[in-house]
Amino acid sequence: MNAFIAKFITALLVLVQFTNGLHFYLKTGETRCFFEELTQDTLVVGKIDVTELTNNGDYVKNPNLQLQITVEETFDNDHKVVDQKSNPNGKFTFTSLDSGEHKFCLTPKYSDGSNSKAHRIFFDIATGSSHDYIDSKSTHKVDALTLKVQNLNKKLEEIHWEQEHMREREAIFRDQSESTNSRVVRWSIVQLIVLIGTCVYQLRHLKSFFVKQKIV
């Protein structure tokens with residue numbers, strides 16, 4: 001049902017010719033027909049609104065109420081192109097296969113067998129080129145693909161930014177490592193120099209001590 005509603009809404013956006021809405025009154029089981037001249041490949045979208053008359057004089061919806069919808073090609077031995085039952089707030093759509101006069105017939109019925117009731121019926125149809133509808137669908141597909149490409153480009157930019165950020169962090173870490181290594185080397189050299197100086201001083205001090213003690 002959601003797909004059908006989406007299809008109906010899309011069709012309405014591309015329709016180029018609208019018929020005037022009608023409303024009329026019928027009793028249960030009665031049929032009212034209308035004639036419409038359609039060209040080949042015409043997209044037809046119909047909308048109906050059916051209510052029943054109560055004893056209080058109000059028109060209300062009845063879930064058991066249905067509307068039989070038929071569309072016939074009068075130029076082709078009344079070939080039926082639509083034959084369906086719709087709920088009180090129904091929609092139907094079809095594409096004319098050939099050019100010519102089409103007959104739309106509406107009959108209120110009840111699924112529980114009720115009869116002898118009066119009904120008010122609002123009937124609206126809109127027509128337009130089915131090619132426009134196909135192009136509209138293609139356009140939506142292109143728009144969807146364009147959006148996906150844009151999202152992919154955005155993700156690639158984020159990945160590229162993250163890579164650049166990682167390179168910067170790696171460069172900073174490398175500089176810090178090199179600086180630390182340099183300080184460690186310098187400190188090791190200083191320690192080595194101090195150790196060598198201490199050893200030389202101790203050796204000279206011991207030598208002086210041995211000389212004074214006339215050991216050597």
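User: Let's start with C33: buried, exposed or partly exposed?
Analyst: This is a predicted model, so the value here is a computed one. C33 has a relative accessible area of 31%. Buried needs under 20% and exposed needs over 50%, so at 31% C33 comes out as partly exposed.

User: Which residue does a disulfide join to C33?
Analyst: The structure holds 1 disulfide. C33 is one end of a disulfide, with an S to S distance of 2.1 Å, and the other end is C105.

User: How many residues apart are C33 and C105 along the chain?
Analyst: C33 sits in strand β3, while C105 sits in strand β9. The pair ties together distant parts of the chain, and the spacing is 72 residues.

User: What is the handedness of the link of C33 and C105?
Analyst: Look at the turn about the S-S bond, which is 105°. With that angle, the link of C33 and C105 is right-handed.

User: And C105, buried or exposed?
Analyst: C105 has 7% relative accessibility. The cut-off for buried is under 20%, so with 7% C105 counts as buried.

User: K103 is in strand β9 too. Why does K103 count as buried?
Analyst: Buried means under 20% relative accessible area. K103 falls under that cut-off, so it counts as buried, and its relative accessibility is 19%.

User: What separates the C-alpha atoms of K103 and F35?
Analyst: Along the chain, K103 and F35 are 68 residues apart. F35 is also among the residues in contact with K103, as are C33 and T70. In space, the C-alpha atoms of K103 and F35 are separated by 4.5 Å.

User: Which element gives the most to the largest nonpolar core?
Analyst: That core has 20 residues, and F92, F94, F104 and F123 have the most contacts inside it. Elements giving two or more residues include β3 (32-38), β6 (65-73) and β9 (100-110). The top contribution is 4 residues, and it comes from β6.

User: D41 is not a glycine, so what is odd about its phi?
Analyst: Most residues other than glycine have a negative phi. D41 lies in the loop between β3 and β4, and it is partly exposed at 30% relative accessible area. Its phi is positive, about 60°.

User: Where is D78, which also has a positive phi without being a glycine?
Analyst: D78 has a phi of about 55°. Its relative accessible area is 38%, so D78 is partly exposed. Its place is the loop between β6 and β7 (79-86).

Methods: Residues numbered from 1 in each chain as written. Predicted model: local features only at pLDDT ≥ 70, side-chain atom pairs only at ≥ 80, totals over all residues. Heavy atoms only, no water. Core = buried A, V, L, I, M, F, W, Y, C linked by side-chain atoms within 4.5 Å. Buried < 20%, exposed > 50% of the residue type's maximum accessible area, 1.4 Å probe, protein only. Contact = heavy atoms within 4.5 Å. Disulfide = S-S within 2.5 Å. Lists of a residue's contacts leave out its neighbours within four places in sequence.
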